[in-house]
Amino acid sequence: MDQVRERFPEYDDMDDMELANAIHGRFYSDMPLAEFYAQVGFNPDQDAGDNGIYPEMRPGFSRDNPIDLTTIDRSTPEGQALVTQLTRGTWVKGADGTVYELPDDAREGVVRTGDEPLASGLVQRPQSGLEDVAKSFPTGVVEGLTGLAGLQGSLAQMAGGQPGQYMPGFGIVGPTGEQLNEGVRDLIGRDYYQPQTVAGEYSRTAGEFLPGVVAPGGTGAKLASWLVPAATSETAGQVARGMNGGRRDTDAENYARMGGGLVGGLGVGAANSFRGGADIALRNAAEGVTPQQMQMAAALRQRGGLLGVDLTNAEAMQQATGGGTGLGRLQRVVEGQTNRMAPMMAQRPGQVERAIGGELDRIAPQTAPPQIAGQAQEAATGVLDTMRRRVNESAQPLYDQLPGQTLDPADLATLQANPSYNAAAEQLMGNPELAALVSGGPEDLSTVNRVIQQLDTMGEQARPGAMNPTGNNTLASQREQAAALARQLAGDTSPEFAAARQTVATGREAFVDPLRRGPIGAIAGQSDVQPSLAGQTQALFPAQPFEGQAAETARALELMGEIDPSVGGPLVRQHLARQSMEAQQQLATGDNQFGGANFAARAFGNPEQRRTVMGAIDATALPPSPLAFPPLNPNAPQAMPSDPMANLVEVLQATGQRHRGGSETAFNQEAIQALRGGNLATNAGQTLTNPLGTMGRIGRGIDDWTARRNAETLAEMLMADSDEFSARLTRAINRPRGANRIRAGVTLSAGQED
């Protein structure tokens with residue numbers, strides 16, 4: 001103690017007891033008092049001093065066992081001595097029944113500050129505000145932890161259980177928070193520090209609710225879960241105390257503190273649900289999404305915006321992931337909960353129509369259907385005629401060797417005995433223009449070849465068809481048989497004639513016949529008077545194409561383009577325009593908001609359909625202008641004429657990722673529960689107060705209100721800028737699971753005992 005006195009000369013007027021208690025309270029209050037006494041060499045049982053007169057004044061008296069100041073007789077020397085020895089750490093009870101732990105120098109003669117007198121002539125010297133706040137907070141933390149640890153025991157013992165007893169629903173009954181506090185007081189050898197000011201009481205209560213901060217979640221949520229119920233609890237307690245004339249620790253005050261904490265916890269739980277419910281629903285729907293997919297979705301939304309089609313973030317993300325998330329279904333739920341997205345969706349039909357129209361204009365200008373049908377029929381016929389001519393030209397050198405070669409007289413007589421052959425010869429020679437092509441007599445093989453050609457023409461003219469409804473198949477067959485006989489006889493006579501016929505036959509089989517059996521033949525075979533545009537586009541773009549249709553259609557359009565360059569693009573446009581109009585049929589409920597997705601499915605629904613249309617666009621595109629700038633990088637992949645349409649189709653497909661209304665009950669319930677926040681605080685509040693019924697109704701109202709607000713928040717998020725959505729989605733994905741539940745549980749548990 002001598003070393004202590006040397007170090008703290010300002011305490012020279014104190015005896016050893018006063019000095020030891022003063023130094024302990026000021027600098028070593030966290031150390032058990034007995035341990036401190038041993039450190040400084042002070043023995044309260046042996047050292048002299050006025051303390052020896054009243055050994056019961058030694059530190060160790062608890063709040064539950066204070067010194068009653070009203071029993072001290074101040075008229076005696078002993079009473080006067082006792083009052084002067086009251087030091088920090090001593091618990092006393094004043095005349096009004098209030099129990100205080102005295103600070104340093106809480107003795108008679110201290111300057112009065114208007115504090116409530118503890119007894120006649122005795123006042124309590126208050127701590128400074130900051131000091132009281134700092135010392136009260138740890139007390140609250142300890143009491144909060146013991147209260148949380150003893151929650152099970154408190155509930156079980158309230159239900160009639162005894163410590164160590166097994167109770168159904170509770171398990172082994174543990175100690176209450178107060179029982180744990182008693183153990184801590186025994187361990188440290190003294191009671192907890194108690195606040196001396198209102199600010200200190202708020203600080204202690206804040207310490208009691210501090211365990212709420214250990215729950216997962218953001219900083220703001222943690223602070224709210226901690227400070228809001230602490231403030232409401234202490235405020236309710238202070239109000240109740242004031243309404244009871246300032247009396248402390250009344251039942252009314254205790255119930256008010258508990259109710260205030262519960263109300264604060266419920267408020268924070270509801271607020272956390274409002275803030276977190278949207279994130280939880282978003283995270284559940286978008287689980288597994290990668291940053292690369294977020295970038296792809298943002299790029300798709302940007303392309304859609306350039307085309308005039310506003311996509312939601314959910315639609316873009318669904319398209320980018322190949323339908324790999326639940327965001328499309330989530331958007332459907334959100335649209336069912338709020339009309340916030342309705343104006344955006346109402347603009348969708350017009351946006352789609354304009355976007356498709358813009359791409360059709362890029363392919364070709366509008367052309368009247370009858371005009372394009374007639375042009376197509378003529379172009380297809382021209383393709384077949386051209387191909388036949390090319391085949392015949394390939395055999396012409398052999399035919400040029402026929403003049404001078406003659407048919408055997410007997411064979412000639414056989415031909416001339418055939419009525420069809422004679423009719424063809426007469427028709428040939430009777431036409432001055434055709435007769436001029438004949439250079440030899442009837443026996444000359446060049447003349448025979450000319451008659452054969454005339455027989456072929458006459459046979460086709462006799463065959464019934466759209467242009468010749470009165471034709472005669474028998475007459476046509478006779479002429480074909482006569483031509484076949486003439487070819488046989490001429491071929492037997494002349495190897496050159498036989499080779500020429502073989503060349504023609506091979507060429508027609510390889511080049512003409514495939515065209516006649518494909519789209520070219522279907523278009524060319526139509527009536528010259530009333531060609532069908534529907535039939536032409538169906539031939540080029542069948543609804544159920546076989547494998548290889550894309551190459552067939554592209555080839556047909558290329559060949560027709562050689563005959564008439566203006567015919568291919570309008571045919572492609574007419575096909576797509578018809579599909580678009582069918583896909584965007586107005587519904588009984590109004591405009592078709594899924595028309596764009598329907599169009600993409602009708603015209604590009606399977607891979608062969610897509611290849612067919614895209615190949616047709618590339619095949620009919622006009623060549624680039626010779627004045628166009630060359631590509632900056634010749635080795636880079638060059639843009640194709642079909643690229644803009646491919647981009648539009650992807651955007652339109654994304655509009656179909658917005659799910660139509662339907663059942664999917666399980667997903668709906670899960671999503672709506674997430675929108676409500678899954679609020680354990682609200683549910684617990686309903687359970688605790690359900691006997692009255694009122695809290696249950698309030699809780700359900702909070703849930704419904706929260707669901708609507710979260711749906712509105714999600715609607716804003718789904719329509720927000722892509723960068724903002726990606727940031728929110730990233731935060732939601734990284735949000736700790738169960739944060740609201742843990743936080744709410746701690747909030748309800750903390751501060752239940754004062």
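Good morning. I shall begin with a single residue, Val-649, which is found in helix H29. The model under discussion is a predicted one, and Val-649 offers a convenient point of entry to it.

Is Val-649 buried or exposed? Its relative accessibility is 0%, and because the limit for a buried residue is under 20%, Val-649 counts as buried. Which residues does Val-649 touch, leaving aside its neighbours within four places in sequence? The contacts are with Ala-600, Phe-604, Arg-610 and Met-614. A further relation concerns Ile-356: 293 residues separate Val-649 from Ile-356 in sequence, yet their C-alpha atoms are 9.2 Å apart in space.

Two of those contacts lead us to helix H27, since Ala-600 and Phe-604 are among the buried residues of H27. This helix covers residues 595-604, and seven of its 10 residues are buried, so H27 is largely enclosed by the rest of the structure. Besides Ala-600 and Phe-604, the buried residues of H27 are Gly-595, Gly-596, Ala-597, Phe-599 and Ala-603. What covers them? The cover includes helix H15 (348-363), helix H26 (568-583), helix H28 (607-620) and helix H29 (643-655).

Let me stay in this region for one more residue. Ser-642 is placed in the loop between H28 and H29. With a relative accessibility of 7%, Ser-642 counts as buried. Setting aside residues up to four places away in sequence, Ser-642 touches Met-614, Ile-617 and Asp-618. Met-614 thus appears for a second time, as a contact of Val-649 and of Ser-642.

Phe-604 also brings us to the nonpolar interior. The largest nonpolar core has 97 residues, and Phe-604 is one of those with the most contacts inside it, together with Leu-282, Met-560, Leu-571, Leu-576 and Met-645. Which helix gives this core its largest share? That is H16, with 11 residues. Apart from this core lies another, of 11 residues, including Leu-19, Ala-22, Leu-33 and Val-40. As for Leu-282, its contacts beyond four places in sequence are Leu-327, Leu-330, Leu-714, Met-717, Phe-725, Arg-728, Leu-729 and Ala-732.

Helix H16 deserves a closer look. It spans residues 369-399 and holds Arg-388. Arg-388 is partly exposed, its relative accessible area being 26%. Not counting neighbours within four places in sequence, Arg-388 is in contact with Val-512 and Arg-516. Arg-388 and Arg-508 are 120 residues apart along the chain, while 7.0 Å separates their C-alpha atoms.

I turn now to a pair of helices. The axes of H18 (residues 419-430) and H20 (residues 445-462) come within 9 Å and cross at roughly 105 degrees. That angle makes H18 roughly perpendicular to H20. On the H18 side, the contact is made by Ser-420, Tyr-421, Ala-423, Ala-424, Ala-425, Gln-427 and Leu-428. On the H20 side, the residues are Val-448, Arg-450, Val-451, Gln-454, Leu-455 and Met-458. By class, this contact has nine nonpolar, three polar and one charged residues.

Finally, the chain as a whole. There are 34 helices and seven strands. Of the 754 residues, 45% count as buried. The chain exposes about 37,300 Å², of which carbon and sulfur atoms supply 54%. Among contacts with a separation of 6 or more, 69% are accounted for by residues 24 or more positions apart. Thank you for your attention.

Terms used: Residues are numbered from 1 along each chain as its sequence is written. This is a predicted model: local features need pLDDT of at least 70, side-chain atom pairs count only at pLDDT 80 or more; totals for chains, interfaces and linings use all residues. Side-chain values use heavy atoms; hydrogens and water are left out. Buried means under 20% relative accessible area, exposed over 50%, partly exposed in between (1.4 Å probe, protein chains only). Helices (H or I, at least four residues) and strands (E, at least two) are DSSP runs, numbered from the N terminus. Contact means heavy atoms within 4.5 Å. Accessible areas come from the Shrake-Rupley method with a 1.4 Å probe; for residues, only the protein chains shown count as cover. Axes are lines fitted to C-alpha atoms, for helices over the stretch in contact, and angles run from 0 to 180 degrees between N-to-C directions. Angles under 35 degrees count as roughly parallel, over 145 as roughly antiparallel, 65 to 115 as roughly perpendicular and the rest as oblique. Ala, Val, Leu, Ile, Met, Phe, Trp, Tyr, Cys and Pro count as nonpolar, Asp, Glu, Lys and Arg as charged, and the others, Gly among them, as polar. A nonpolar core is a set of buried Ala, Val, Leu, Ile, Met, Phe, Trp, Tyr and Cys residues joined through side-chain atoms within 4.5 Å.
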